[in-house]
Amino acid sequence: MTSLKNDTIVAIATANGVGSIGIIRLSGADALNIALKLTKKTNLTPRLATLCKIYSLNNEFIDEAILLYFKAPASFTGEDVVEFQAHGGFMVLKLIISQLVKAGAKMAKPGEFSQRAFLNDKMDLAKANAIQSLINAKSEGAVKILARQMRGELSLYVNELRDELVKTLAFVETSIDYADDDLPSDILSQTKNLLTQNHAKLERIVSISKSRQGLIDGFKIAIIGKPNVGKSSILNALLAYERAIISDEAGTTRDRIEESLNIGTHLVRIIDTAGIRKNAGAVESIGIGYSLKAIDEADIILAIFDGSNLSDEQDERILELLKDSKKQIFYILNKSDLGVKFEKNLPNAMQISAKNSTEILVKTLEEYLNLQDSDELILNSNLQITACINAINAISNAINLLNESELELFAYEINSAITSISFITKPFKRDEILDEMFSNFCLGK
């Protein structure tokens, strides 16, 4: 497959800000010619770093940079690519970009380099997704998982499963279209067994991926409790600075406060919420609504109670909210330095004093997060998970239809499963069915 676009595109490939080096990338049929216009050189040797002076089209010196030329198709995009490694000041890069545009390049849209790589068969959708996720990885575990996907392990998994589905569809379509020919007598039994195995594989990877999604996106931790139990004090202690206002007055925290922090090798998002209580004012009630939403969004909940007092109706409400939750909950008795009077039996409750130390809480969270690290292959986006769920549903329908010998409807469901799973890697082509049919059966008698 070749790129559908003829424009030569340009963009800054390094992050915004000042640095020692800034990289500009050109890609397209005219990339080399455009680069040469700014260097006064007649050619560049492919894959050889060349130190060049960079000039404007008006012959004004701009900078000195290293240029790397990657000749098509041996490049990231599969097109001619030239990279400028210039000094990393914003204005320097901006000046070079402006001259490249004047020389004929067009500013790239977000993701356009990767899109061209996909169109030119330099990567599939799984690898493209892994690249984007790797940039935003929130833990060392995520980096390891995504590195495996960059090497093509997810693509291999999906392609093997897809090939099995294609084989299944070929079996059945052969049964429909070539019923008079000699076919294996146990073809339907083989088909059902293969489908059952595919169904189990997909269910497993979806289940693992859902439980490990925080590794990719970053785990969200919600701090909840009634007013004045020390939620904001715990947030400040974890962040090691005064992020939230602390007061003995109930309802001080009314808005949702979110901050990121590192716990071990994980970057997490921690959410401090308004105290949940009855008879709150109008503004405070909005904040409580945010708290309930945070409980729903969070992967981990820190349920805070005042250990120095007996429980009350507001504590009961917190416990009722959490009763049927499937989230990971850590129960914490704060203000334990004042003596523990809280009489409710909370599972594995931690006794801490946010005023003195949250070390036991940090250690417990780190141990839990480390347990979430996985060597198993997982899906790294909601799009991939949805694609697999759609495939699971289609396969379930297909198995039921096979039991009823509804082969035409069965074929439709298997087509749906293949189309769904193909969203992860590459579009499904109907020719794959014909190849499978004619390679496995002697139909041309």
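The following conversation walks through a predicted model of a protein chain, one question at a time.

Trainee: How many helices and strands does the protein chain have?
Mentor: Before looking at single elements, it helps to know that buried residues make up 47% of the 445 residues in this predicted chain. Among its contacts with a separation of 6 or more, 66% are between residues 24 or more positions apart. As for the elements themselves, the chain has 15 helices and 12 strands.

Trainee: How many of the residues of helix α3 are buried?
Mentor: Helix α3 spans residues 112-119 and is mostly covered, and the elements that cover its buried residues include β1 (9-12), β2 (19-27), β6 (106-107) and α4. The buried residues in α3 are E112, F113, R116, A117, F118 and L119, while just after the helix D121 takes a positive phi of about 60°. The count of buried residues in α3 is therefore 6 of its 8 residues.

Trainee: Which residue is 97 residues from A108 in sequence and 5.7 Å from A108 in space, C-alpha to C-alpha?
Mentor: A108 is found in the loop between β6 and α3, and it counts as buried because its relative accessibility is 18%, where the cut-off for buried is under 20%. Leaving aside neighbours within four places in sequence, A108 is in contact with I9, V10, A11 and F113. The residue that matches both the separation in sequence and the C-alpha distance is A11.

Trainee: Which residue has a side chain joined to that of E83 by a polar contact of 3.3 Å?
Mentor: E83 is found in strand β5, which covers residues 81-88, and at 13% relative accessibility E83 counts as buried. Apart from neighbours within four places in sequence, E83 is in contact with I23, I24, R25, I66, L67, L68 and F70. The partner in the side-chain polar contact of 3.3 Å is R25.

Trainee: Are α4 and α5 roughly parallel or roughly antiparallel to each other?
Mentor: Two packed helices are described by the angle between their axes and the distance between the axes. Helix α4 (residues 125-135) and helix α5 (residues 140-150) pack with their axes 8 Å apart and at an angle of about 150°, and angles over 145 degrees count as roughly antiparallel. It follows that α4 and α5 are roughly antiparallel.

Trainee: Which residues in α5 are met by α4?
Mentor: α4 passes α5 in a left-handed crossing, and by class their contact has 7 nonpolar, 2 polar and 1 charged residues. From the side of α4, the residues that take part are A126, K127, A130, I131, S133 and L134. On the side of α5, they meet V143, L146, Q149 and M150.

Trainee: Which residue is joined to Q149 by a side-chain polar contact of 2.2 Å?
Mentor: Q149 has its place in helix α5, and because its relative accessibility is 1%, Q149 counts as buried. Not counting residues up to four places away in sequence, Q149 touches A126, A130, L154, L377, I378, L379 and N380. The side chain joined to that of Q149 by the polar contact of 2.2 Å belongs to N380.

Trainee: How many nonpolar, polar and charged residues does the contact of α7 with α13 have?
Mentor: The axes of α7 and helix α13 (residues 382-403) come within 9 Å and cross at roughly 155°, and α7 and α13 are therefore roughly antiparallel to each other. Their crossing is left-handed, and the residues that meet include L188, T191, K192 and L195 in α7 and I385, C388, I389 and A391 in α13. By class, the contact of α7 with α13 has 13 nonpolar, 7 polar and 3 charged residues.

Trainee: Which residues in α14 does α7 meet?
Mentor: The axes of helix α7 (residues 187-211) and helix α14 (residues 407-422) come within 14 Å and cross at roughly 30°, which makes α7 roughly parallel to α14. α7 passes α14 in a left-handed crossing, and the contact has 7 nonpolar, 1 polar and no charged residues. In this contact L188, T191, L195 and L202 in α7 meet residues of α14, namely L407, F410, I414 and I421.

Note on methods: Residues are numbered from 1 along each chain as its sequence is written. This is a predicted model: local features need pLDDT of at least 70, side-chain atom pairs count only at pLDDT 80 or more; totals for chains, interfaces and linings use all residues. Side-chain values use heavy atoms; hydrogens and water are left out. Axes are lines fitted to C-alpha atoms, for helices over the stretch in contact, and angles run from 0 to 180 degrees between N-to-C directions. Helices (H or I, at least four residues) and strands (E, at least two) are DSSP runs, numbered from the N terminus. Angles under 35 degrees count as roughly parallel, over 145 as roughly antiparallel, 65 to 115 as roughly perpendicular and the rest as oblique. A crossing is left-handed if the near helix is turned anticlockwise from the far one by less than a right angle, and right-handed if clockwise. Contact means heavy atoms within 4.5 Å. Ala, Val, Leu, Ile, Met, Phe, Trp, Tyr, Cys and Pro count as nonpolar, Asp, Glu, Lys and Arg as charged, and the others, Gly among them, as polar. Buried means under 20% relative accessible area, exposed over 50%, partly exposed in between (1.4 Å probe, protein chains only). A polar contact is a pair of N or O atoms within 3.5 Å; within protein, one must be able to donate a hydrogen and the other to accept it, and residues adjacent in sequence count only if both atoms are side-chain atoms.
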